[in-house]
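I opened this model to see how each chain is put together. My notes follow in the order in which I looked things up.

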Amino acid sequence: MMNTEPGVFGAISHPARRRMLDLLVDGDRPVNAIAENFEMSRPAVSQHLRVLLDAGLVTEQRHGRERRYRLVPERLEPVRDWIAHYERFWDDNFARLRRHLEKGDEQQ
Amino acid sequence: MTTKTIRRELKFTQPPAVVWRALATSEALADWMYPNDFEPRVGHRFTFRVPPDPRARFDGLIVHCEVLRCMPPSELEFTWVVGDGWLDTRVSYRLEADGEGTRVLFEHSGFKEDQAFHGAAYGWQMMHGKLAKTFSLSDNPASKA
């Protein structure tokens, strides 16, 4: 698990790849339907999809000559956890602030 | 660029002047956050010193801050920077009277994915793991009660 995380974070570090994931949220798409959203060349699109594949964020199915891509949302879990740590940091500290204020009340 | 923001609304029974003292004095911040050399004036640079925690194999950490806004008892904003820019963010509080108490609107903004998630993923990931452990170990409500 630890070894896979850098791949996931690296994979979403590029805006084009994040956009590709956004496109796949609504459902599977063939490579053409993904490529038409980008100005870049087809090989460049394929290269970005390859990074997403390697990170396990998408899977590829072949239907005859067509390649379709599907999002694997659970692979984003490390990213969600990473953000959640910061949220919990503040929740914990605010709980301490609250106790601090209540303690102050008693002293008055 | 897309950035992520943590937002919280907090309600306190104490009036804004009391809540302000808890948010904007060095002693109070040391109590509910970390040791610091905060001063309530715009332009003041200060640090929070997150202490080491051997149990979590955490070496400690310094958060670099600069006061950007300070309007007692209603607005406080400062930068929140860790490491050489891997976390370059801002923290702000807005206090509003709410009956006899206070409503605080809190924001921690500027989580830039590209920056936070950039190349040296492994290094900060280790650091982050340590950080997370420290946060969970350093705030045990049972030990403070």
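The entries below go through chain A, then chain B, and end on a single residue.

**Entry 1. Status of the model.** I note at the start that this is a predicted model. Every value I write down here is computed from it.

**Entry 2. Chain A, overview.** I counted elements before anything else: chain A has five helices and three strands. Reading along the sequence, I get the pattern α-α-β-α-α-β-β-α. The chain has 108 residues, and 40% of them are buried. For the surface I have about 6,100 Å² exposed, with 47% supplied by carbon and sulfur atoms. I also looked at contacts between residues at least 6 apart in sequence; in chain A, 49% of these join residues at least 24 apart.

**Entry 3. The sheet of chain A.** I asked in what order the strands of chain A sit in their sheet. The order is β1-β3-β2, in an open sheet with antiparallel pairing. The edges are β1 (29-30) and β2 (58-63) of chain A; each has a single partner strand, so one side of each lacks a neighbour in the sheet. Between β2(A) and β3 (residues 66-71) of chain A I find six bridges, in the antiparallel sense. One pair I picked out is E60(A), whose bridge partner in β3(A) is Y69(A).

**Entry 4. Helices against that sheet.** Helix α2 (residues 15-25) of chain A lies across β1, β2 and β3 of chain A, and it runs at about 90° to β3(A). Helix α4(A) lies across β2 and β3 of chain A, at about 120° to β2(A).

**Entry 5. A closer look at α4(A).** I checked the length of this helix, residues 42-54 of chain A. At 1.5 Å a residue, its 13 residues should span 18 Å, and the end C-alpha atoms are 18 Å apart, so the two agree. Next I asked which residues of α4(A) are buried. They are V45(A), H48(A), L49(A), L52(A) and L53(A). These cover an arc of only 145° around the axis, which means they lie on the same side of α4(A). On the face turned away from that buried side I find the exposed residues P43(A), Q47(A) and D54(A). After the helix comes G56(A), with a positive phi near 80°.

**Entry 6. Chain B, overview.** Chain B has five helices and six strands. From the N terminus on, I read β-α-α-β-β-β-β-β-α-α-α. Of its 145 residues, 46% count as buried. The accessible surface comes to about 7,300 Å², and 52% of that belongs to carbon and sulfur atoms. Among contacts between residues at least 6 apart in sequence, 44% join residues at least 24 apart.

**Entry 7. The sheet of chain B.** Six strands make an open sheet in the order β1-β6-β5-β4-β3-β2 (chain B), with antiparallel pairing. The edge strands are β1 (3-12) and β2 (45-50) of chain B, each pairing on one side only. From one strand to the next, the twist averages 20°. I then asked which helix packs on this sheet and which strands it touches. Helix α1 (residues 16-23) of chain B packs there, touching β1, β3 (61-71), β4, β5 and β6 (101-112) of chain B. Its direction makes about 160° with that of β5(B).

**Entry 8. Strand β4(B) and its neighbours.** On one pairing, β3(B) and β4(B) are joined by six bridges in the antiparallel sense. They form a hairpin with three residues between them. Across this pairing, M71(B) stands opposite E75(B) in β4(B). On the other pairing, eight bridges join β4 (residues 75-82) to β5 (residues 87-98) of chain B, again antiparallel. There, F78(B) has V91(B) as its bridge partner in β5(B). Seven of the eight residues of β4(B) are buried, so this strand is largely enclosed by the rest of the structure.

**Entry 9. E77(B).** I wanted to know whether E77(B) is buried or exposed. The cut-off for buried is under 20% relative accessible area. E77(B) has 17%, so it counts as buried. This residue lies in strand β4 of chain B, and its bridge partner in β5(B) is S92(B). Leaving out residues up to four places away in sequence, E77(B) touches E66(B), V67(B), L68(B), R69(B), R90(B), V91(B) and S92(B).

Terms used
Residues numbered from 1 in each chain as written. Chains lettered and ligands numbered in written order. Predicted model: local features only at pLDDT ≥ 70, side-chain atom pairs only at ≥ 80, totals over all residues. Heavy atoms only, no water. Helix = DSSP H or I, 4+ residues; strand = E, 2+ residues; numbered from the N terminus. Expected span 1.5 Å × (residues − 1). Buried < 20%, exposed > 50% of the residue type's maximum accessible area, 1.4 Å probe, protein only. Arc of directions from axis to C-beta. Pairing = 2+ DSSP bridges. Axes fitted to C-alpha atoms, helices over the stretch in contact; angles between N-to-C directions. Contact = heavy atoms within 4.5 Å. Areas by Shrake-Rupley, 256 points an atom, 1.4 Å probe, with all protein chains shown as cover.
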